[in-house]
Amino acid sequence: LPPTHPQSYHAFMKKELFDRVGLTKEQTRLPRGDAPDLDAECHSYDRHIQELGGVDFALLGVGHNGHIGFNEPGDSFSAGTHVVDLTPSTRQANARFFASIDEVPERAVTMGVEQIMQSRRILLLCGADKREIVEAAFTGLVTPRNPVSVLRLHRHVTIVHCWRR
């Protein structure tokens with residue numbers, strides 16, 4: 001989606017975070033999902049992060065299937081920024097933001113798990129509807145089949161959850 005699309009991640013981050021904390025467009029950088037050459041966009045984003053000395057703080061959510069940053073469950077953890085095919089469950093979870101499931105993007109650009117893990121600090125936000133997958137991540141095996149489980153290996157991760165025991 002172009003950054004101006006009301007359901008784009010750019011629009012979401014601008015409205016829900018950047019504008020609220022007073023960050024200007026020049027102080028932020030997100031990969032463009034509408035770039036004409038997505039591979040070049042991914043490499044450019046990785047170079048930008050490297051030039052800045054890495055990621056200080058990663059703010060993450062988790063999908064119902066355990067994805068973090070759109071790193072869907074799979075056979076291995078990804079390295080750098082890349083294009084990912086969104087699973088049907090991820091598309092369905094996001095359908096509520098669109099007029100129909102047909103409008104939900106089938107692919108997304110995301111930072112890789114390895115790149116996320118190199119962040120100096122991570123804050124994971126998760127609601128009650130994600131309780132089961134998060135509990136499995138932090139009590140079961142670290143596995144790419146539940147990507148959020150890799151956060152158990154990070155030195156400075158904070159989890160903020162919204163549920164009661």
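This is a short walk through the structure above, from its sheet to its cysteines and one of its pockets. Keep in mind as you read that the model is predicted.

Let's start with the sheet. Three strands make up an open sheet, running in the order E1-E4-E5, and their pairing is parallel. At its edges sit strand E1, residues 57–61, and strand E5, residues 157–162, each of which pairs on one side only. From one strand to the next, the twist averages 15°.

Strand E4 covers residues 121–127 and is joined to E5 by six bridges in the parallel sense. If you would like a landmark for that pairing, look at Ile-122, which stands opposite Val-157 in E5. E4 also pairs with E1, again in the parallel sense, over five bridges. A handy landmark here is Gly-61, whose bridge partner in E4 is Leu-125.

Now stay with E1 for a moment, as its two faces can be told apart. Ala-58 and Leu-60 belong to the covered face, while Phe-57, Leu-59 and Gly-61 belong to the uncovered one. How does Ala-58, a residue of strand E1, rate for accessibility? Its relative accessible area is 9%, and because the cut-off for buried is under 20%, Ala-58 counts as buried. Ala-58 also shows how the fold brings distant parts of the sequence together: Leu-123 is 65 residues away along the chain, yet the two C-alpha atoms are separated by 6.3 Å.

A similar pairing of positions turns up at Val-109, in strand E3, which spans residues 107–110. The C-alpha atoms of Val-109 and Val-84 are 6.3 Å apart in space, with their positions 25 residues apart in sequence. Val-109 is buried too, at a relative accessible area of 16%.

Next, follow the chain into the loop between E1 and strand E2 (82–85), where you will find Phe-70. What is the backbone doing at Phe-70? Its phi is near 65°, a positive value in a residue other than glycine. As a rule, most residues other than glycine have a negative phi. The accessibility of Phe-70 is 25%, which makes this residue partly exposed, because that class lies between the buried limit of 20% and the exposed limit of 50%.

Another phenylalanine, Phe-18, has its place in helix H1, residues 9–21. Phe-18 is buried, with a relative accessibility of 12%. Thr-28 lies ten residues from Phe-18 along the chain, and their C-alpha atoms are 7.9 Å apart.

Thr-28 leads us on to a pocket. The second largest pocket holds about 400 Å³ of space. Fourteen is the number of residues lining this pocket, and those closest to its centre are Pro-3, His-10, Lys-14, Lys-25 and Thr-28. What classes of residue make up the lining? There are five nonpolar, four polar and five charged residues.

Finally, the cysteines. How many disulfides does the structure hold? The count is zero. A disulfide would need a pair of cysteine sulfur atoms within 2.5 Å. Two cysteines are worth a look for their surroundings: Cys-42 is buried, with a relative accessible area of 3%, and Cys-126 also counts as buried, at 6%.

Methods:
Residues are numbered from 1 along each chain as its sequence is written. This is a predicted model: local features need pLDDT of at least 70, side-chain atom pairs count only at pLDDT 80 or more; totals for chains, interfaces and linings use all residues. Side-chain values use heavy atoms; hydrogens and water are left out. Buried means under 20% relative accessible area, exposed over 50%, partly exposed in between (1.4 Å probe, protein chains only). On a 1 Å grid over the protein atoms alone, a cavity is a set of points where a 1.4 Å probe fits but cannot get out, and a pocket is an open set with protein on both sides within 12 Å along at least five of seven lines; lining residues have an atom within 4 Å of a point. Grid points are joined across faces, edges and corners, and a volume is the space filled by probe spheres set on the points. Ala, Val, Leu, Ile, Met, Phe, Trp, Tyr, Cys and Pro count as nonpolar, Asp, Glu, Lys and Arg as charged, and the others, Gly among them, as polar. Two strands pair if DSSP finds at least two bridges between them. Helices (H or I, at least four residues) and strands (E, at least two) are DSSP runs, numbered from the N terminus. Axes are lines fitted to C-alpha atoms, for helices over the stretch in contact, and angles run from 0 to 180 degrees between N-to-C directions.
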